[in-house]
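Reader: I should like to learn how to read the principal features of a model such as this one. May we begin with the strands and how they are paired?

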Amino acid sequence: MLGPKTDILNWDDYFMAIAKLCAMRSRDPQTQVGAVLVDELNHIVGTGYNGLPKNCDPNNFPWDREGDFLNTKYAYICHSEINAIDNADKTRLRGSRIYTTLFPCNSCAKSIIQNGIVEVIYFSNKYYATNESIAARKLFGEAKIKTMAYVQKEKPIVIYLKE
C-alpha cells in the first residue's frame, strides 16, 4: 500500500520561495524584493513586490540609484512590504508574520508594527549597517517584533518556467 509523500517543503521554505517568486515581478533593474504575509493558520493574506504605484508607467520614471533625489527610483518606488500590507486582507493582518527577501527599512518597519504583524522572517540583510536598517531594528526591538534570518531547511528550490 502506498503512503503519503513525506519529503514536502516546510512552511518557512514554502513561504520564502513564494516571496522570491513575488520578487520576480519587480521591474527594478538592480534590486528585486518580494514579501508574503501569512496568518496563524499558515494562510497567505497578502503578497507584494517593490515597484511603482498602480497606474504609473515604468517607462516614465527613473530607475537610477544615484543622483538628484527626484531623478532616482527612491522618490517613486513602493517597497514590497508596504505593497503586501496594502494588498492584504486587513481583517487577517493582526498576529500575522511577514516573509521578505530583504530586511525591512525603517518606514516598512513602522507599517509592520502599526498593522499588528508580530514576526519578520527575512532572507537577506545586506543593508545591515545603514541608518534605515539600524532604525528598523530599534523599532522592532521596542515593539517586541520577532525578527529571524531565514535558514533554508530543505534542498534548494528550483522553479523552471516555460513559455
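Author: Two strands are taken to pair if DSSP finds at least two bridges between them. The model shown is a predicted one. In it, strand β4 (residues 119–124) and β5 are joined by 4 bridges and run parallel. Within that pairing, Y122 has A149 of β5 as its bridge partner.

Reader: How many strands form the sheet, and in what order do they lie?

Author: Strands of a sheet pair through backbone hydrogen bonds, in either a parallel or an antiparallel sense. Here 5 strands make up an open sheet, ordered β2-β1-β3-β4-β5, with mixed pairing. Its edge strands are β2 (44–49) and β5 (146–149), each of which pairs on one side only. From one strand to the next, the twist averages 15°.

Reader: In what sense, parallel or antiparallel, do β1 and β2 pair?

Author: Their pairing is antiparallel and extends over 5 bridges. V38 has I44 as its bridge partner in β2. The two strands form a hairpin with 5 residues between them, and N42 in the turn has a positive phi of about 65°.

Reader: In what sense does β1 pair with β3, and over how many bridges?

Author: β1 and β3 pair in the antiparallel sense, over 4 bridges. In register, V36 stands opposite Y99 in β3, and L37 has I98 of β3 as its bridge partner. Continuing across the sheet, β3 and β4 pair in the parallel sense over 5 bridges; there R97 stands opposite E119 in β4.

Reader: Why can β1 be called largely enclosed by the rest of the structure?

Author: The reasoning rests on a cut-off: a residue counts as buried when its relative accessible area is under 20%. In β1, 5 of the 5 residues are buried, so the strand is largely enclosed by the rest of the structure. G34, V36 and V38 point one way from β1, A35 and L37 point the other way, and all of them are buried. The argument applies to β3 as well: 6 of its 6 residues are buried, so β3 is largely enclosed by the rest of the structure.

Reader: Which residues does K146 touch beyond its neighbours in sequence?

Author: K146 is placed in strand β5. Leaving aside neighbours within four places in sequence, K146 is in contact with V118, E119 and V120. Its relative accessibility is 48%, so K146 counts as partly exposed. Separation along the chain may also be set beside separation in space: K146 and L2 are 144 residues apart in sequence, and their C-alpha atoms are separated by 41 Å.

Reader: Let us turn to the helices. At what angle do the axes of α2 and α3 cross?

Author: Two packed helices are described by the angle between their axes and the distance between the axes. For helix α2 (residues 80–87) and helix α3 (residues 106–114), the axes come within 9 Å and cross at roughly 25°. An angle under 35 degrees counts as roughly parallel, and α2 is therefore roughly parallel to α3. The crossing of α2 past α3 is left-handed.

Reader: Which residues make the contact of α2 with α3?

Author: From α2 the contact involves E81, I82 and I85, and from α3 it involves S107, C108, S111 and I112. By character, the residues of this contact divide into 4 nonpolar, 2 polar and 1 charged.

Reader: Which residues of α2 are buried, and what covers them?

Author: The buried residues of α2 are S80, E81, N83, A84 and I85. Their cover includes β1 (34–38), β2, β3 (97–102) and α3. N83 serves as an example: this residue of helix α2 is buried, with a relative accessible area of 16%. Not counting residues up to four places away in sequence, N83 touches T47, G48, Y49, N50, G51 and C78.

Reader: Is K138 buried or exposed?

Author: K138, which lies in helix α4 (residues 131–143), is exposed, with a relative accessible area of 68%. The cut-off for exposed is over 50%. K138 and F69 are 69 residues apart in sequence and, from C-alpha to C-alpha, 26 Å apart in space.

Key:
Residues numbered from 1 in each chain as written. Predicted model: local features only at pLDDT ≥ 70, side-chain atom pairs only at ≥ 80, totals over all residues. Heavy atoms only, no water. Axes fitted to C-alpha atoms, helices over the stretch in contact; angles between N-to-C directions. Parallel < 35°, antiparallel > 145°, perpendicular 65-115°, else oblique. Left-handed = near helix turned anticlockwise from the far one by under 90°. Contact = heavy atoms within 4.5 Å. Nonpolar A, V, L, I, M, F, W, Y, C, P; charged D, E, K, R; others polar. Buried < 20%, exposed > 50% of the residue type's maximum accessible area, 1.4 Å probe, protein only.
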